[in-house]
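Please open the model in your viewer and keep the selection panel at hand. The stops below follow one another, each with something to select and something to look for.

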Amino acid sequence: MNVKISALHKGFGPHPVLRGVSLEVPQGTFTAVLGPSGSGKTTLLRAVAGFGRPEEGTIEIGGRVVDGDGVFVPPSRRGIGYVPQEGSLFPHLDIAANIGFGLPRGQRKARVAELLELIGMADLGHRYPHQLSGGQQQRVALVRALAPGPSLVLLDEPFSSLDAGLRASVRADVREILRDFDMTAILVTHDQDEALSMADQVVVLRDGVVVQQGAPQELYDNPADQRLARFVGDANLVIGVLAGEKVRSVLGTLPTRAVDGLDDGSRVTALVRPEQIKILPEGDGDLAGSVVSCEYFGHDTLLSITPDSDGADPLIVRTGFEGSLPVGTRVSLAVSGAVTVWPAA
């Protein structure tokens, strides 16, 4: 079921939290609302759920106004499943009873068995929440929200309490379950990796305003401004001069994605992602420099390299080569792919 939010305003006392938020969630898609603490993410989610009423604006679910224009549909009649941060399972009920809570008695046994099978826990219905791992608890919390057959699922930072290793696998499981149900879902998160890896579209909130909305790759490759570029990933921001559809910079002459509204010869700031910079033997690239730090993560390596060019800031470089480079190693650098540019501040 699709969701449409129009010009939503919500504050607490004299402090505005949401300031004219508008967005659409197409049916069957997964939308991540991404933003730092205090940006209004949870306030927005609670408004959609009906737990907090906005002062202005409208919320439509499936083409029906549920809040605004003199209408208010209570949470229990919105057809929504809600997964809070900690899962909030009932500690005194076993897993089967948690999932079946609120279901009609005649449907309960079959529905619970179906959902336990779906999450690979068919033999664990008799256990209690404290006897499960954090990942298992989150899977149970999700299918408990799905049990009544909602048309929309809202997830309020449900993976924040999991350790890093478990978080990735549980995210993948949750995404697969939602796809199996062809479910419309909204996730709020402050985790950029979570939003980019899970969502069909990402909505970025900043100070109660939508800064940008689009597909994950669009946000990563073409962020609306420099602040957003840094927020959704590591970023090298390099000053250059526009020359046609290219920009001349310390990293060489780089192709640009779009230069609308910018004149030839304008000073610009170019976004170069760390994985765009290639490490070459000294003398083979467009710019030479020295390694000043090296962090080896196994799957990739993050380097900080100081260019030889006067006044140039250190560059962040992400590379997939095995092992690490000692501090002081001389290297050459080259950039692959196009860059996004903005007028230089």
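Begin by selecting Val 140 in this predicted model and displaying its surroundings: once neighbours within four places in sequence are set aside, Val 140 is in contact with Leu 89, Ile 95, Ile 99, Ile 119, Met 121 and Leu 132. Widen the selection to the largest nonpolar core, which has 42 residues and in which Val 140 is listed with Ile 99, Leu 142, Val 153, Leu 155, Val 174 and Leu 178 as having the most contacts inside it. Helix H4, residues 134-146, gives the most to this core, with 6 residues. A second, separate core of 24 residues can be located by selecting Leu 23, Val 33, Ile 186 and Leu 205, which are among its members.

Next, zoom out to the whole protein chain, in which 8 helices and 21 strands are found. Its C-alpha atoms fill a box of roughly 75 × 50 × 35 Å along the principal axes, and 47% of its 345 residues count as buried.

Now select helix H1, residues 41-49, which is largely enclosed by the rest of the structure, because 7 of its 9 residues are buried. The buried residues to colour are Lys 41, Thr 43, Leu 44, Leu 45, Ala 47, Val 48 and Ala 49. Just after H1, pause at Gly 50, whose phi is positive, at about 95 degrees.

Turn then to the charged side chains, among which a search of the whole structure finds 13 salt bridges. Select Asp 67 and Arg 78, a salt bridge whose closest N and O atoms are 3.8 Å apart. Asp 67 sits in strand E5 and Arg 78 in the loop between strands E6 and E7, so the pair ties together parts that are 11 residues apart in sequence. Asp 67 is buried, with a relative accessible area of 2%, and Arg 78 is likewise buried, at 2%.

For the next pair, select Asp 200 and Arg 175, whose closest N and O atoms are 3.0 Å apart in a salt bridge. Asp 200 belongs to the loop between helix H6 and strand E10, while Arg 175 lies in helix H5, 25 residues apart. Here Asp 200 is partly exposed, at 36% relative accessible area, whereas Arg 175 counts as buried, at 8%.

Finish at Arg 318 and Asp 300, which meet in a salt bridge of 3.3 Å, N to O. Arg 318 counts as partly exposed at 26% relative accessibility, and Asp 300 as buried at 14%. Adding Asp 234 and Glu 275 to the selection shows one network with Asp 300 and Arg 318, joined by salt bridges that share partners.

Notes
Residues numbered from 1 in each chain as written. Predicted model: local features only at pLDDT ≥ 70, side-chain atom pairs only at ≥ 80, totals over all residues. Heavy atoms only, no water. Buried < 20%, exposed > 50% of the residue type's maximum accessible area, 1.4 Å probe, protein only. Helix = DSSP H or I, 4+ residues; strand = E, 2+ residues; numbered from the N terminus. Core = buried A, V, L, I, M, F, W, Y, C linked by side-chain atoms within 4.5 Å. Contact = heavy atoms within 4.5 Å. Salt bridge = Lys/Arg side-chain N within 4 Å of Asp/Glu carboxyl O.
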